[in-house]
Every structure is written in C-alpha cells, then in structure tokens.
Amino acid sequence: MTTAAPPVSSSSSQPPAEAPTVQVISTHEAEKSQPTSVTACQMSQNVLATPRGAEAPSPSVYLSKRGNSIRQHQGTLQEGFVQYAANKYHVTDNPEGIINLGTSENKLCYDLLHARLTRPDMLYVEPSLLQYSDWTGRTFLREEVAKFLTHYCGSPKTLNADNVVVMNGCGSLFSCVAAVICDPKDAILIPTPFYGVITDDVDLYSDVKLFHVHLDCEVTIKDYRAFHLTVEKLEEGLTKAKQEVAVILMNPHNPLAEIYTPEEMIAFLEFAKRNDLHAIVDELYMLTVFDESVTFHSVLSLDSLPDPLRTHVMWGLSKDFAMSGIRAGTLYTENRELVEALAQLGCFHGIPGTVQHQVAQLLQDRAWIDNEFLPENRRRLKAAHSFLTGELRSMGIPFLDRPAALFVWADLREYLQESSFQEELNLWRCFLRHNVLLSCGQAFSCSTPGWFRIVFADQHLHLGGLSQHLTLKKHLN
C-alpha cells in the first residue's frame with residue numbers, strides 16, 4: 001500500500017505537481033471500487049430529494065404546496081445533524097452520545113475565543129445598538145469588514161465599505177443573491193461535489209435550481225488531479241444547461257479542500273464573463289490554510305476582475321474564526337444595484353447590534369488575530385489533520401491530501417458491499433448507529449458513491465474512535 005502524495009501547493013510561484021494528491025490504491029483495490037455512471041449520479045440526486053429515516057409526514061391542510069414541500073424536505077446533512085443535536089456526545093454527561101465529524105465546525109479553539117470575547121471591549125451597549133439600522137449592516141461594521149478584507153485578501157486597492165453587505169450567515173447571502181439575480185426556475189452552474197445545503201439556500205425561497213458539473217474522481221492522463229475543475233468542464237456543462245444565470249466557485253473548496261491558483265480563478269472568471277454569468281465566489285476558508293508553504297490567493301487580490309459588476313465574493317466568521325454560532329456572513333460586490341436589492345431583503349436576515357459591535361471589535365484587533373489566534377489555530381488544525389490522515393494511511397484509505405479547510409475528502413468505496421448510492425447510505429447509517437456522524441458523498445452530489453467528508457477539527461480522542469469503527473466495518477465486509 002503506497003502512501004498519499006504530498007499536497008499540491010497553490011502558490012502562484014509553484015506549478016501543480018505532476019503526481020495526483022490522492023493516496024494511490026493497489027490494482028486489486030481499484031478493481032473493487034470502480035466508479036459508477038452518470039445514471040448513478042442521477043440516482044444520488046433522487047435519493048437526496050427524499051426524506052430520510054422515518055417516513056415523510058403526510059401533507060398538512062394548514063400549509064401550502066410549497067410549505068408542505070419545505071416541511072417534508074430533509075437531506076442527509078440535515079437528518080444527521082438533527083440526530084446529533086438530540087444526542088450530543090459529552091465526556092461526562094453523555095459519553096455514549098454521537099460524535100460529530102460531519103458538520104464543518106472548528107472545535108479546537110474555544111479557549112482562544114473565550115479569552116478574547118470576554119474582554120471588556122466586547123461587553124458594550126449603547127442606545128443605537130438596540131435600534132433599527134441599515135439592513136446591509138451597520139456602518140462601523142461594514143467599514144471594519146472592508147478594512148479586514150483589504151488586508152487579508154491582499155487587495156491592491158482599498159475596498160469600499162459601501163460595497164459590503166452583512167447578513168446572518170452566508171446561507172442567507174446565497175439565498176438573497178439568488179433571489180435578486182435569478183427568476184424562478186433559473187439555474188446556477190456549480191461543480192460537484194459541493195456543499196449540499198447550497199441547494200436549499202437557493203431553492204427553498206426563490207425556486208432557483210443548481211445545474212451540476214460533475215467532476216471525476218479518477219485520475220487520467222488528461223486530468224492529473226482527482227475532481228479536477230477546468231474551464232472546459234464548465235463550458236461543457238453550460239452547453240447542456242438551460243436558463244443559466246450564474247456560476248458558484250468555492251476556494252478553498254468544500255468538500256474537496258482544493259485551493260485554486262490565481263491563474264485558475266482568472267480563467268473561471270473569464271469563462272463567466274464570456275457567457276454573461278454572475279460569479280458567486282465562496283471564500284469562507286481563506287484563512288484556514290495550515291501549511292506555511294501554501295498560499296491562498298483571493299480573487300480580491302487581483303489587479304482587476306474580468307467582470308467586476310458580476311463578481312460577488314463571500315466570506316464569514318463561521319470557518320476562519322471557528323464561530324459558526326455567531327451567524328455573520330459578508331458579501332463584497334461592486335454592483336451597487338445588487339447591494340440595493342439585497343438591502344430590501346436585509347430586514348429578514350439582520351444581525352443584532354451588540355453582535356455587530358463584537359464582530360467589528362474582533363476584526364479590527366490585528367494583534368490578536370496575527371499573533372495569537374491565527375498561528376495557534378493553524379498549528380492545532382495542522383496537528384489534527386496530521387492525526388486523521390495518519391489514521392487513514394494506516395488503514396490504507398485513499399484521500400485527498402490538501403492543507404486547507406476543516407475536513408478530509410476520503411474514499412471509502414472499499415467499505416461498500418456494492419457500488420451504489422443506497423449502499424453508501426447504508427454505510428453512513430452504520431456509522432450513525434455506532435454514534436459517529438460523517439457526511440456521505442451524495443449529500444454533496446458526488447457522481448461516484450463511496451466518498452465521505454470527515455471533519456478533523458476535533459479532539460484526537462474523537463478522531464481515533466473513527467478508525468475503530470472503520471476497522472470493524474472492514475472486518476464485517
């Protein structure tokens with residue numbers, strides 16, 4: 001069994017490595033885990049569209065058709081989290097509870113955050129913070145966000161606070177942006193696999209659909225990287241789609257943890273411009289890169305954007321600052337009409353004034369960010385990533401080795417009884433029955449069954465428990 005190749009650096013000064021960064025599996029193992037066809041991928045979408053676990057509730061006479069559809073909808077990400085929320089692991093209060101390695105949260109830095117969030121400057125209330133304000137975010141917060149993004153995105157020019165929109169999370173921003181740039185039944189192009197909840201973000205309110213551009217997990221002479229996104233694949237997807245309005249790009253990627261180079265991102269943005277598509281760029285993990293040899297480049301660092309009025313960049317505190325419960329997401333766009341339209345929806349997605357004050361105080365504290373939080377957070381993430389990938393290597397499990405984000409995209413096809421999405425779902429349920437929550441590939445619209453996202457930003461004790469369950473499952477197979 002060979003080990004994983006070293007990660008590919010995304011620094012513009014270093015070309016991609018010739019070897020793929022997926023751990024190589026033996027010929028015998030490869031024969032056991034052949035990819036399925038696009039037909040199977042379509043089945044994955046059908047499975048996702050149906051409720052999980054218990055039977056779907058019968059339609060309610062008190063709800064509209066849309067209300068019943070929303071009530072009955074539940075994918076694996078939602079179902080798994082509901083079960084976890086009802087039975088959370090706790091070392092003393094509930095040691096038999098569910099260990100959550102499925103939800104992308106950083107649980108390694110509570111001590112750092114507690115120390116900073118309880119300083120006196122955070123405990124502040126004045127009358128204006130308890131009153132209505134600009135629904136794109138209070139001026140003082142938008143100014144701090146603009147300064148923060150200018151610095152940490154490496155923008156060659158000072159970013160304008162008037163181009164910033166702040167809402168209660170990036171899910172709200174996805175929903176609102178879809179509502180104002182798309183009409184019902186319009187579609188947004190998105191490479192798969194991708195963070196599956198985006199499907200709900202754009203659909204539940206606005207009836208906007210996603211058109212999938214499937215990326216292949218197999219490495220070929222033409223595709224030297226697994227799940228390799230290229231302009232050619234985007235072009236091919238666009239020719240098959242109808243009523244395309246936008247494309248969603250994630251960098252670093254969820255769930256692949258891929259870091260795209262400036263050259264790649266420019267090519268993707270030029271593709272969007274050629275086809276008059278909005279480019280929604282998700283950079284939620286931009287500071288969650290824990291290898292000093294790898295550099296992330298924001299699209300806001302470019303000297304000029306190919307189409308600035310159709311390029312909209314998202315960022316938030318959930319991932320980079322391990323604060324998913326704060327609910328603060330930001331959008332930067334030079335399109336004033338878009339900002340004005342979003343302001344009309346902002347009253348449904350606002351953030352409390354006192355929380356906006358706390359976020360502004362945090363973002364302006366460069367000494368704490370640069371000298372305390374980021375170095376220690378990256379050190380802990382690197383150690384946790386090394387621990388999990390070491391466990392995977394010891395079991396001969398292939399995975400994408402990327403030094404970013406909070407998770408590893410792992411190939412568990414060897415653990416399937418057969419290559420099908422139903423069998424993948426069975427494996428996911430097997431983990432859950434043993435109180436380990438993972439995220440299966442069909443929740444991300446992966447075109448090949450057997451891939452799982454495993455979150456490593458947790459205690460080593462929890463990660464070690466995963467290997468025990470995998471060993472047991474392999475023995476049972």
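Trainee: What makes strands E5 and E6 a pair?

Mentor: Five bridges join E5 (residues 244-250) to E6 (residues 278-282), and the two run parallel. Two strands pair if DSSP finds at least two bridges between them, so they qualify. Strands themselves are DSSP runs of E, at least two residues, numbered from the N terminus. One bridge partner set is leucine 249 with valine 281 in E6. Keep in mind that this is a predicted model, where local features need pLDDT of at least 70, side-chain atom pairs count only at pLDDT 80 or more, and totals for chains, interfaces and linings use all residues. Residues are numbered from 1 along each chain as its sequence is written, and side-chain values use heavy atoms, with hydrogens and water left out.

Trainee: Why is histidine 312 called buried?

Mentor: Buried means under 20% relative accessible area (1.4 Å probe, protein chains only), with exposed over 50% and partly exposed in between. Histidine 312 has 0%, so the label fits. Its place is in strand E7 (residues 311-316).

Trainee: How do you know that the side chains of histidine 312 and histidine 278 make a polar contact?

Mentor: The value is 2.9 Å. A polar contact is a pair of N or O atoms within 3.5 Å; within protein, one must be able to donate a hydrogen and the other to accept it, and residues adjacent in sequence count only if both atoms are side-chain atoms. The pair therefore meets the cut-off.

Trainee: Why is strand E9 described as largely enclosed?

Mentor: Five of the five residues of E9 (residues 407-411) are buried, so the rest of the structure largely encloses that strand. Phe407, Trp409 and Asp411 lie on one side, Val408 and Ala410 on the other.

Methods: Helix = DSSP H or I, 4+ residues; strand = E, 2+ residues; numbered from the N terminus.
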